[in-house]
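I opened the notebook to look up three things. They are a helix, a pocket and the surroundings of a nucleic acid strand.

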Amino acid sequence: MNIVTTLQNAVSQAVEQLYGDSTESSKVLVNPTPPDFTGDYSIVIFPFVKVAKKSPDAAAAEIGAHLTEYISEIKSFNVVKGFLNLEISDTYWQGLLQSVVADPSFGRLPKNGKKVMVEYSSPNTNKPLHLGHIRNILLGSSCSSILEAVGYEVVKTQIINDRGVAICKSMLAWLKFGEGKTPESTGIKSDHFVGDWYVLFEQKSKVEYEAWQETEEATSVFQSKHKPDQDETTFFKDFKNKWFNDYSKLGAEVRDMLLKWEAHDPEILALWKKMNGWVYAGFEKTYGDLGVSFDKLYYESDTYLLGKDIVEDGLSKSVFFKKDDGSVWVDLTDAGHDQKVVLRADGTSVYITQDLGTARMRHHELKCDRYVYVVADEQNYHFQVLFETLKRLGEPYAAGLHHLSYGLVELPKGGRMKTREGTVVDADDLIEEVIRIATEQSKDRGEAETLSAEEKQENFRRVGMGALKFFIIKVHAKKKMVFNPEESVDLQGQTGPYIQYSYVRINGLMQRIEKEGIDCSIATQYANIQPQEKELLVALLDYSSVVQKAAEEYDPSLVANFSYDLAKKYHRFWHDLSVFSAETPEARAFRLTLSRAVGQVLKSSMGLLGVEMPERM
RNA sequence: GCACCGGUAGCUCAGCUGGAUAGAGCGCUGCCCUCCGAAGGCAGAGGUCGUGAGUUCGAAUCUCGCCCGGUGCACCA
């Protein structure tokens, strides 16, 4: 059992025996003792002074004496201002260290027989992935790893938005202006190739709109429809969508294409497949660079008509109701939400209809206990409505639904990651850039010079990707974050490479153990554990509870911050104490073993974030 | 207007199931490689934890009001 839990139970019992009052052991507060005080763990005594009918210090002393008597792991205690500081015996710490080193899966939990689906990425097929996707992907994939570490069977999925007006824009632009060009003929990465036609379409459409604004038709539209306080510029800005739907030639062509697609026109379908194929090939490359994968892909072209049966079901259960015009609604006003359409009067689906249908279809297929949707926080309301509706429909999996919502990634000067503004940070460019900088920095240092070219490249890649991934994951998902391109590839301070560096140091030690044939078994005879060693042990002990908390809260940033904290403590340890030239052979063996344990846990925890450790850097 | 989220050092972020003097990193000022890799360590400057009240022995943390910022409130997806 974890020492913290032991202490909680012991305090709970002590209070009961001494003062005859029962306290829930989980409510006993056990904190690591701050550095300025003597001890390893501190217990807050204030909650017990009432039942003890004593001063905080007197009660603390009494409880301390009681604990020391009954709990063998406690070496000594002291009392400061109502805080009971406990010192844990070296025997316990020795045992912990040995158990970490002996257990390659330390911190992980055995299979729990439960299954969870994590849906992430879910891109559109009309443009390449950008920084926003990267946050989504890293959150989804690290969450998957964390859930797996606590015992779940994880099914990683994405729903690809492969249909609709957007992809038709790319298709149309390519047909009209493409002159048969292909990714191969132009040498452009294939998803970017498709995205370029989308951009071209938007440009052409803008030109058409500007020209239209000069026509008599436009003038009369402005005359008849503008609000009193609107000048021409602001009116036409607002009017853009309406224009595109009602007046634009290109708009008409796109809608015509979408209709043909929906009617399964063979030529259009073939074109659609070709262009989406290009996009998928490009995505595949980016996913590979990011080191992520999926177990199951869903395509919106297969799911967008789902959900009509669930509407029938909802009507028969009176969860939904029908309005006079035939449209179907769900009323969630008593849950603090609004009424929501789930089926149009003409019988066609809306956004939520397909999500309802997809949820049921997927559960039928996957039978998971939990379903996690990694989707930007703009859709918070949508998911509240979706989950509440599924709950009312009595769907058996409704209690296990979770929206992992994340905030916008902003650029330092406040630009949004949108294609239109042209300030978008492209995923592939970013990946290339971080690796380039890592390579440059490593070359300057020259530490990796003895490695082969491939090994070097692989190490640099790990450093660059480690920097990027850590930078993004360390911020709590729900906060919007500022992405500073320069800082993101910084290799000093609170960064991925800082953590990797401590691992590389440890790796060097391990190689030396190997080479010099050092016997570490006498580590257990080391008697005088130093504060710098103790704080590492305390941190190691915490690993599994951090992973569990991260899984419960779907929060990878906890693991990132844990890793950084552990690395920081290791650097301090390294600086303050000698390992190889330690005072005694026992101290050397102990510190080597401790280093091994730290290296193992660092590799494991960073692994949960998808960050790989370099051997040298 | 209503709802949700955020507001902690110049900047980027931890801490938020109430607990000891509010922590890191970057940047700034200085130190530390004749000893295991200095992508490291140490020290200093820098904070009315948005704001006002309340609860409490104790509030960055809980409650309420207000201010600022963001997002959502489509028979769009």
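I took the expected span of a helix as 1.5 Å times one less than its number of residues. Helices (H or I, at least four residues) and strands (E, at least two) are DSSP runs, numbered from the N terminus.

I noted that this is a predicted model, where local features need pLDDT of at least 70, side-chain atom pairs count only at pLDDT 80 or more, and totals for chains, interfaces and linings use all residues. Residues are numbered from 1 along each chain as written, chains are lettered from A and ligands numbered from 1 in written order, and side-chain values use heavy atoms, without hydrogens and water.

**Helix α24**

I checked the length of α24 (residues 585-608). Its 24 residues should span 34 Å at 1.5 Å a residue, and the end C-alpha atoms are 35 Å apart, so the two agree. I then looked up burial (buried is under 20% relative accessible area, with a 1.4 Å probe and protein chains only). In α24, 17 of the 24 residues are buried. Just after the helix, Gly-610 has a positive phi of about 80°.

**Second largest pocket**

I used a 1 Å grid over the protein atoms alone; a pocket is an open set of points where a 1.4 Å probe fits, with protein on both sides within 12 Å along at least five of seven lines, and lining residues have an atom within 4 Å of a point. The volume is the space filled by probe spheres set on the points. For the second largest pocket I read about 850 Å³. Its lining has 32 residues, with Pro-32, Thr-33, Asp-40, Glu-535 and Val-538 nearest the centre. Helix α22 gives the most, 10 residues. Among the other elements supplying at least two are α1 (3-19) and β1 (30-32).

**RNA strand B**

Which residues come closest to RNA strand B? I counted a residue as near if one of its heavy atoms lies within 4 Å. The strand is surrounded by 54 residues, and Phe-83, Arg-344, Arg-445, Tyr-501 and Leu-577 are the closest. Helix α23 gives the most to this surface, 6 residues. Of the strand's atoms within 4 Å of the protein, 56% belong to sugar or phosphate and the rest to bases.

I went on to individual atom pairs. The side chain of Ser-442 has an N or O atom 2.7 Å from a base nitrogen of the strand. The backbone of Trp-574 places an N or O atom 2.6 Å from a base nitrogen. For Lys-479, a polar side-chain atom lies 2.9 Å from a phosphate oxygen.

Notes:
Buried < 20%, exposed > 50% of the residue type's maximum accessible area, 1.4 Å probe, protein only. Polar contact = N/O pair within 3.5 Å; in protein donor to acceptor, adjacent residues only side chain to side chain.
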